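User: Hello! I am new to this structure and would like a close look at a single part of it, the open sheet and whatever packs around it. Could you walk me through that part in one connected answer?

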Amino acid sequence: MIRELQRQIEDLRKQNEELRRKDKRSAAPFSKGERKKNPKGPGRKPGQGEFLRRPAPPTDADSAPLVEVPVKETRCPFCGGTLEREEPEEASVTDMPGTPEPEVRLFKVHVCRCRNCGRKTRGKHPDVAPDQYGATAHRVGPRIKATAHSLHYGHGVPVRRLPGILQEMTGITITQSALTQDALKQAEGPVGAAYQELRKQVRHSPVAYTDDTGWWIGGDGAYLMAFDTDQETVYQIRRQHGNEEVRELIPSDYPGILVTDRFSSYEAEELAGVEQHKCLSHLIRNVQEVVKSKTGRSKVFGSELKTVLQSANELWRQQRAGEVPGYADRAEQIEQDLTDLLRPRRFRDPDNQRLLDGIGLQHDRQRVLNFLYNPEVEPTNNRAERALRPAVIARKVSHCSQNERGAEAFAAFTSVARTTVKKGVATVTEVFHRLIKDGLDPPVLPDCLHR
């Protein structure tokens with residue numbers, strides 16, 4: 001025991017020195033530590049698909065006149081031989097215009113005044129708003145707004161940088177405040193309506209993966225929750241993370257399977273009727289934390305439990321890569337091994353007892369190995385964690401949300417943007433443009449976002 005304590009003291013001393021060194025230097029705050037000794041080379045890895053050359057530009061694309069590039073040499077520059085003419089080769093250079101020119105459409109809106117009541121009647125046009133006169137007569141169009149919202153919510157560009165980028169790339173001047181006000185307006189209008197429709201679709205998905213991360217609303221702590229399915233990626237921001245917030249998207253009678261981590265909200269009685277699967281990576285991580293601090297016989301239970309869980313994960317990977325001979329028998333054997341290992345008993349070590357009680361309860365509820373029998377369920381909720389990455393990046397380069405309206409706008413726009421990327425049948429700018437231009441009149445949700 002003395003030797004073990006001495007080893008722990010030495011490890012803690014080294015960690016303390018390492019932290020002090022990091023505090024004294026001006027290193028990047030998000031450094032991952034030491035670099036890998038043998039990192040993989042850049043570029044496409046073997047087995048990740050064949051390399052494709054850049055395709056030729058479309059034949060109907062606007063282009064400059066064809067430029068002839070003749071051979072000026074009369075003799076072969078290598079050996080001095082006679083040159084023979086062959087079929088010319090095609091080459092192209094695709095670039096953006098040197099000076100961006102915005103498209104300006106002028107409207108002459110006729111106005112008539114009633115001789116009786118004196119009120120004005122203005123001409124109507126689908127591209128001219130009813131209140132577009134006076135100080136607000138000259139406005140920017142829906143496409144430039146959609147482009148700005150796509151850059152911000154779809155690609156993570158901070159909103160304070162958008163005016164400069166749009167000015168340089170399009171020649172159109174627009175303020176940060178105008179973009180923010182339009183985002184709030186759209187979130188309470190067509191984009192918000194599309195967001196609500198996506199939330200309804202999540203309730204009918206066969207499998208939903210969820211995870212959460214921290215957020216700020218006006219400087220106060222909050223939670224950003226992600227719900228990822230095969231068809232949608234939906235976010236919501238709430239000040240609390242209880243079963244009430246979960247049931248906003250996953251009701252108590254949800255017919256599918258909810259893949260989660262071990263957060264207490266999912267263990268509420270209100271969600272007891274929902275079939276769940278607990279992320280295998282979280283379970284293995286819990287076991288590793290216990291095994292790492294144990295020695296001797298107290299380490300045996302955790303090591304065996306870790307081996308069984310990892311073997312289940314490996315079997316699923318093999319089955320996903322191709323047919324595995326005797327897959328059903330091997331899955332049943334893993335099930336039996338885990339059931340025997342998690343049988344009710346008493347351990348002297350409290351950490352092992354905690355593992356047995358916690359994971360054993362989930363196994364009794366069929367929430368640990370159900371991915372071996374249901375091909376639609378993945379072993380982990382990594383999909384939800386990946387869905388959170390754009391929000392985590394946005395959190396690092398912004399102050400999150402200043403108020404509830406801003407939080408709802410972020411959730412709405414980001415949900416529509418990530419779902420559009422998942423569908424892959426339209427660009428984020430195109431979807432935002434259709435929503436902003438068409439408004440709430442047909443259809444609320446673009447066809448490319450329907451199931």
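**A close look at the open sheet**

Analyst: Happy to help! Please keep in mind that this is a predicted model. Let us begin with the sheet as a whole and then go through its strands.

The open sheet has five strands in the order 5-4-3-6-7, and their pairing is mixed. At its edges stand strand 5 (233-238) and strand 7 (275-278); each has a single partner strand, so one side of each is left without a neighbour in the sheet. From one strand to the next, the twist averages 30°.

Now follow the order from one edge. Strand 5 pairs with strand 4 in the antiparallel sense, over six bridges. These two strands form a hairpin, with four residues between them. To find the pairing on your screen, look for Ala226, which stands opposite Tyr235 in strand 5.

Strand 4 also pairs with strand 3, again in the antiparallel sense, here over nine bridges. A good place to look is Gly214, whose bridge partner in strand 4 is Tyr223. Strand 3 and strand 4 form a hairpin too, with two residues between the strands, and Gly218 in this hairpin takes a positive phi near 60°.

Beyond strand 3 the sense of the pairing is parallel: strand 3 and strand 6 pair this way over three bridges. Ala208 stands opposite Leu258 in strand 6. Strand 6 (residues 257-260) and strand 7 run parallel as well, and four bridges join them. In that last pair, Thr260 stands opposite Lys278 of strand 7.

What packs on this sheet? Helix 5 (residues 190-202) does, touching strand 4 (220-228) and strand 5, and its direction makes about 105° with that of strand 5. Helix 11 (residues 382-396) lies across strand 3 (207-217), strand 4 and strand 5, and it runs at about 20° to strand 3.

How covered are the strands? Strand 5 is mostly covered, as six of its six residues are buried. In a regular strand the side chains alternate between the two faces of the sheet. In strand 5, both faces are covered: Thr233, Tyr235 and Ile237 are buried on one side, and Val234, Gln236 and Arg238 are buried on the other. Strand 3 is mostly covered too, with nine of its eleven residues buried.

This brings us to the nonpolar residues. In soluble globular proteins, nonpolar side chains tend to be buried together. Here the largest nonpolar core has 49 residues, and the ones that touch the most other members are Trp215, Leu224, Ile237, Ile250, Phe410 and Val416. The largest share of this core comes from helix 12, which gives eight residues. Val416 has contacts with Val191, Ala194, Tyr195, Leu198, Val431, Phe432, Leu435 and Leu449, leaving aside residues up to four places away in sequence. A second core, separate from this one, has 33 residues, including Val290, Leu338, Leu342 and Ala384.

Helix 12 also offers a link back to the edge of the sheet. Thr414 lies in this helix (residues 404-423). Is Thr414 buried or exposed? Thr414 has a relative accessible area of 3%, which is under 20%, so this residue counts as buried. A polar atom of its side chain lies 2.6 Å from the backbone oxygen of Phe410, one of the core residues named above. Thr414 also touches Tyr153 and Tyr235, not counting residues up to four places away in sequence. Of these two, Tyr235 is the strand 5 residue that we met opposite Ala226.

The other contact, Tyr153, belongs to helix 2, so let us finish there. Helix 2 (residues 142-154) packs against helix 4 (residues 176-187) at an angle of about 90°, with the axes 11 Å apart. The two helices, helix 2 and helix 4, are therefore roughly perpendicular to each other. Where they meet, Lys145, Ala148, His149 and Tyr153 come from helix 2, while Leu179, Asp182 and Ala183 come from helix 4.

One more residue is worth finding here. His433 lies in helix 13 (residues 428-438) and touches Pro142, Arg143 and Ala146, not counting residues up to four places away in sequence. The side chains of His433 and Arg143 make a polar contact at 3.5 Å. His433 is itself buried, with a relative accessible area of 12%.

Note on methods: Residues are numbered from 1 along each chain as its sequence is written. This is a predicted model: local features need pLDDT of at least 70, side-chain atom pairs count only at pLDDT 80 or more; totals for chains, interfaces and linings use all residues. Side-chain values use heavy atoms; hydrogens and water are left out. Buried means under 20% relative accessible area, exposed over 50%, partly exposed in between (1.4 Å probe, protein chains only). A polar contact is a pair of N or O atoms within 3.5 Å; within protein, one must be able to donate a hydrogen and the other to accept it, and residues adjacent in sequence count only if both atoms are side-chain atoms. Contact means heavy atoms within 4.5 Å. Two strands pair if DSSP finds at least two bridges between them. Axes are lines fitted to C-alpha atoms, for helices over the stretch in contact, and angles run from 0 to 180 degrees between N-to-C directions. A nonpolar core is a set of buried Ala, Val, Leu, Ile, Met, Phe, Trp, Tyr and Cys residues joined through side-chain atoms within 4.5 Å. Angles under 35 degrees count as roughly parallel, over 145 as roughly antiparallel, 65 to 115 as roughly perpendicular and the rest as oblique.
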